[in-house]
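I open these notebook entries with the structure itself. What follows records what I looked up, entry by entry.

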Amino acid sequence: MPHIAVTIGAGRSPRQLRTLLHEVHAAVLRSVDTRPEHVRVVLHEVPRTHWSTADTTLAELDQEPVRPAEPPTPVEPPTPVEPPTPVEPTTPAEPAEAAGDREPS
């Protein structure tokens, strides 16, 4: 029986949490050969003041102003490549002496 534990910072709506539970359950069914009634998903909500990353709690991170995203670095468009100039087919030249010696037909 698969048992999946999800830990998430508190603050999501009941609908978001229900959607998360549903999606995790569906992912297990797609990934593992088991019956739906055997899948257990437990959701642990942690108060945002009780979770820290790099010595900063989620609650503190929530208070930081959102920095605007840096504009993307412009990418130079590729230089267009000129198509090759078509070369007209040429016919072999007749030898000069043969051209003057020809009799009319």
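Entry 1, a working term. I call a residue buried under 20% relative accessible area, exposed over 50%, and partly exposed in between. Aspartate 62, at 43% relative accessibility, therefore goes down as partly exposed. I note here that the model is predicted.

Entry 2, confidence. I looked up the scores before reading any detail. The protein averages a pLDDT of 86, and 85% of the residues score at least 70. Confidence is highest in S2, at 98, and lowest in helix H3 (residues 96-100), where the mean is 56. Where pLDDT is low, the predicted coordinates should not be read in detail. I therefore read no detail in helix H3, given its mean of 56.

Entry 3, overall architecture. I recorded 3 helices and 4 strands. Along the sequence these elements follow the pattern β-α-β-β-β-α-α. Of the 105 residues, 12% count as buried. I put the accessible surface at about 9,600 Å², with 57% of this area belonging to carbon and sulfur atoms. For contacts with a separation of 6 or more, I found that residues 24 or more positions apart account for 61%.

Entry 4, strands S1 and S2. In which sense do strand S1 and S2 pair, parallel or antiparallel? Strand S1 (residues 3-9) pairs with S2 in the parallel sense, over 7 bridges. I looked up two partners in this pairing. Histidine 3 has arginine 40 in S2 as its bridge partner, and alanine 5 stands opposite valine 42 in S2. As a general point for reading such pairs, side chains in a regular strand alternate between the two faces of the sheet. I then followed the connection: S1, helix H1 (residues 14-31) and S2 make a β-α-β unit, and this unit is right-handed.

Entry 5, salt bridges. How many salt bridges does the count give? I obtained 2 salt bridges. In one of them, glutamate 37 pairs with arginine 35, with the closest N and O atoms 2.6 Å apart. Glutamate 37 is partly exposed, at 42% relative accessibility. In the other, the side chains of aspartate 62 and arginine 48 meet, at 2.6 Å from N to O. Which parts does the pair of aspartate 62 and arginine 48 tie together? Aspartate 62 lies in helix H2 (residues 58-63), whereas arginine 48 lies in the loop between strand S2 (40-46) and strand S3 (52-53), so the bridge ties together parts 14 residues apart in sequence. Arginine 48 is partly exposed, at 25% relative accessibility; aspartate 62 is also partly exposed, at 43%.

Entry 6, threonine 57. I located threonine 57 in strand S4 (residues 56-57). Is threonine 57 buried or exposed? Its relative accessible area is 16%, so threonine 57 counts as buried. Leaving aside residues up to four places away in sequence, threonine 57 touches Arg48, Thr49, Trp51 and Ser52. Arg48 on this list is the residue that also forms the salt bridge with aspartate 62.

Entry 7, the loop between S3 and S4. I checked the backbone here for positive phi values. Most residues other than glycine have a negative phi. Alanine 54 has a positive phi of about 55 degrees although it is not a glycine. Aspartate 55, likewise not a glycine, has a positive phi near 65 degrees. Alanine 54 is found in the loop between S3 and S4, and aspartate 55 lies in that loop too. Are these residues buried or exposed? Alanine 54 is exposed, with a relative accessible area of 72%. Aspartate 55 counts as exposed at 73% relative accessibility.

Terms used:
Residues are numbered from 1 along each chain as its sequence is written. This is a predicted model: local features need pLDDT of at least 70, side-chain atom pairs count only at pLDDT 80 or more; totals for chains, interfaces and linings use all residues. Side-chain values use heavy atoms; hydrogens and water are left out. A salt bridge is a side-chain nitrogen of Lys or Arg within 4 Å of a carboxyl oxygen of Asp or Glu. Buried means under 20% relative accessible area, exposed over 50%, partly exposed in between (1.4 Å probe, protein chains only). Helices (H or I, at least four residues) and strands (E, at least two) are DSSP runs, numbered from the N terminus. Contact means heavy atoms within 4.5 Å. Accessible areas come from the Shrake-Rupley method with a 1.4 Å probe; for residues, only the protein chains shown count as cover. Two strands pair if DSSP finds at least two bridges between them. A crossover is right-handed if, with the strands pointing away from the viewer, the path from the first strand over the helix to the second runs clockwise. pLDDT is the predictor's confidence in each residue, from 0 to 100.
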